[in-house]
Amino acid sequence: MAASSNSSLSGSSLSSDPEDYQPPIWKSYLYQLQQEAPRPKRMTCPQEMESRPKYYGREFHGRISREYADELLATAEGAYLIRESQRQPGTHTLALRFGHQTLNYRLFYDGKHFVGEKRFESVHDLVTDALITLYIETKAAEYIAKMTTNPIYEHLGYTSLLKDKTVHRLNRGRTEPRRVTFQRDERIASPLVRRTVLKDAPEKQCSYEKMHNFKVHTFRGPHWCEYCANFMWGLIAQGVRCSDCGLNVHKQCSKLVPSDCQPDLRRIKKVFSCDLTTLVKAHNSTRPMVVDMCIQEIELRGMKSEGLYRVSGFSEHIEDVRLAFDRDGDKADISASAYADINIIAGALKLYLRDLPIPVITFELYSKFIQAARIPNADTRLEAIHESLLQLPPAHYETLRYLMAHLKRVTLFEKYNLMNAENLGIVFGPTLMQPPEMNALTTLNDMRLQKLVVQLMIEHEDVLF
Ligand SMILES: [Zn+2]
Ligand SMILES: [Zn+2]
């Protein structure tokens, strides 16, 4: 929430359902403390110092001693100056009066001024922020330590506001994985029967979790934490903001916020290269529209196309498709009149999958799939792949399931398109699976296994999913 969260002091901007909505009570204690914090007082040097770097002003006093600086500053809280270190010439120290003592910080400049993590346009801003932080963290240390213990978040914050938005969820038994045994028992050996076994297993509604995507944020004007309801103090980088849903919280509160991010379409600028779960949540869909639309188009007019997925389309045209999706989302035109060559659509789908920040088979589960592929016994191997599939995040699982069912149908046209599970495995192996750490040797060794994983998923699509 931007500056509007201040108006939510009155509760107006947060309300979605006036019936059961209660405005959060923002806690102003830390705000009051910030107002009370000592203001910076620049102690200027009476004469111009020749050694003064051009990015410092008259607060630079040259190579004076620590004791002398202490004397100069003793007059007032918030007084500060910069001196050059006597022991290490060329390095600079910010001397700052706070709590009736002089604090010394090694001061750096690289286009911005900093003594710690935060970077400032001016030394004055740095000191203002330091005084606020010192003041609040001294006065309210205990309060801050306890402020996360009774969050407003669960009661009237974020989750309750999003209730109706999150109705649409994937139905998949993730908490209770569907079990299936691969036995050489004739009674359940046929894929059809196995499938029935799967279908009968109870499906439990799963919650569709997504972590927030917090980034350090500088708020203009006073802002309150949407987790603990306390003021976010400081001059810059006062807290973090989720770049997918816009939730604003303290850095320390961000670690306690549940993974219930509901991305806001206005914040999701692109379709390609956007995290799969984020995109799907933002659009309230089960799969990314690129996957659905490309597959539908290919099934409509490309199933008999020789070398489907192997032959590449013109890369400029593929790039066009990408731009169309990024610009128009599900309104993108990928019909035959726009792109007569089906290899362009197939290429766009492959590009989409390859460009995901987290591959369809996640980095986390990559080695599990590779280990599974190494198992020599065919049944045990299939079971291990099945186990791994059940651990995929729902959006990833659903995308993979849909894609594999499609690729299976592609192989039914092998007579025309010359594509079978094996060569589709070669094409899609590295597209769907990438090792968490790229390393020429492992990549080469893993390629055979990536191919095998995809090949097996296509061949046994009906049992695995
Ligand atoms: Zn979020
Ligand atoms: Zn907080």
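# Helices and loops, question by question

Student: How do you know that the span of helix 12 agrees with its number of residues?

Tutor: This is a predicted model, and the check on helix 12 (residues 289–301) is simple arithmetic on it. At 1.5 Å a residue, its 13 residues should span 18 Å. The end C-alpha atoms are 18 Å apart, so the two values agree.

Student: Which residues of helix 12 are buried, and what covers them?

Tutor: Val290, Val291, Met293, Cys294, Ile295, Glu297 and Ile298 are buried. The cover over the buried residues of helix 12 includes helix 13 (315–328), helix 14 (342–354) and helix 17 (394–411).

Student: What makes helix 12 roughly antiparallel to helix 14?

Tutor: Helix 12 and helix 14 pack at an angle of about 155°, and their axes are 10 Å apart. Angles over 145 degrees count as roughly antiparallel, so helix 12 earns that description relative to helix 14. Their crossing is left-handed. Helix 12 brings Val290, Val291, Cys294, Glu297, Ile298 and Arg301 to the contact, while helix 14 brings Ile342, Ile345, Ala346, Ala348, Leu349 and Tyr352.

Student: How many residues of each class does that contact of helix 12 with helix 14 have?

Tutor: There are 10 nonpolar and two charged residues, with no polar ones.

Student: Why are helix 15 and helix 16 called roughly antiparallel?

Tutor: The axes of helix 15 (residues 363–374) and helix 16 (residues 378–390) cross at roughly 170° and come within 8 Å. The cut-off is again over 145 degrees, and therefore this pair is roughly antiparallel too. Leu365, Lys368, Phe369, Ala372 and Ala373 of helix 15 meet Arg381, Ala384, Ile385 and Ser388 of helix 16. By class, this contact has six nonpolar, one polar and two charged residues.

Student: Now for the loops. Why does Ala229 count as buried?

Tutor: Ala229 has 21 C-beta neighbours inside 10 Å. Being buried takes 20 or more, so Ala229 qualifies. Ala229 sits in the loop between strand 6 (214–217) and strand 7 (239–242). Its phi is near 70°, a positive value in a residue other than glycine.

Student: And what makes Ser273 partly exposed?

Tutor: Ser273 has 13 C-beta neighbours inside 10 Å. A residue is exposed at 12 or fewer and buried at 20 or more, so Ser273 falls in between and counts as partly exposed. Ser273 lies in the loop between helix 10 (251–254) and helix 11 (276–282). The phi of Ser273 is also positive, near 60°, in a residue other than glycine.

How values were computed. Residues numbered from 1 in each chain as written. Chains lettered and ligands numbered in written order. Predicted model: local features only at pLDDT ≥ 70, side-chain atom pairs only at ≥ 80, totals over all residues. Helix = DSSP H or I, 4+ residues; strand = E, 2+ residues; numbered from the N terminus. Expected span 1.5 Å × (residues − 1). Contact = placed C-beta atoms within 7 Å. Axes fitted to C-alpha atoms, helices over the stretch in contact; angles between N-to-C directions. Parallel < 35°, antiparallel > 145°, perpendicular 65-115°, else oblique. Left-handed = near helix turned anticlockwise from the far one by under 90°. Nonpolar A, V, L, I, M, F, W, Y, C, P; charged D, E, K, R; others polar.
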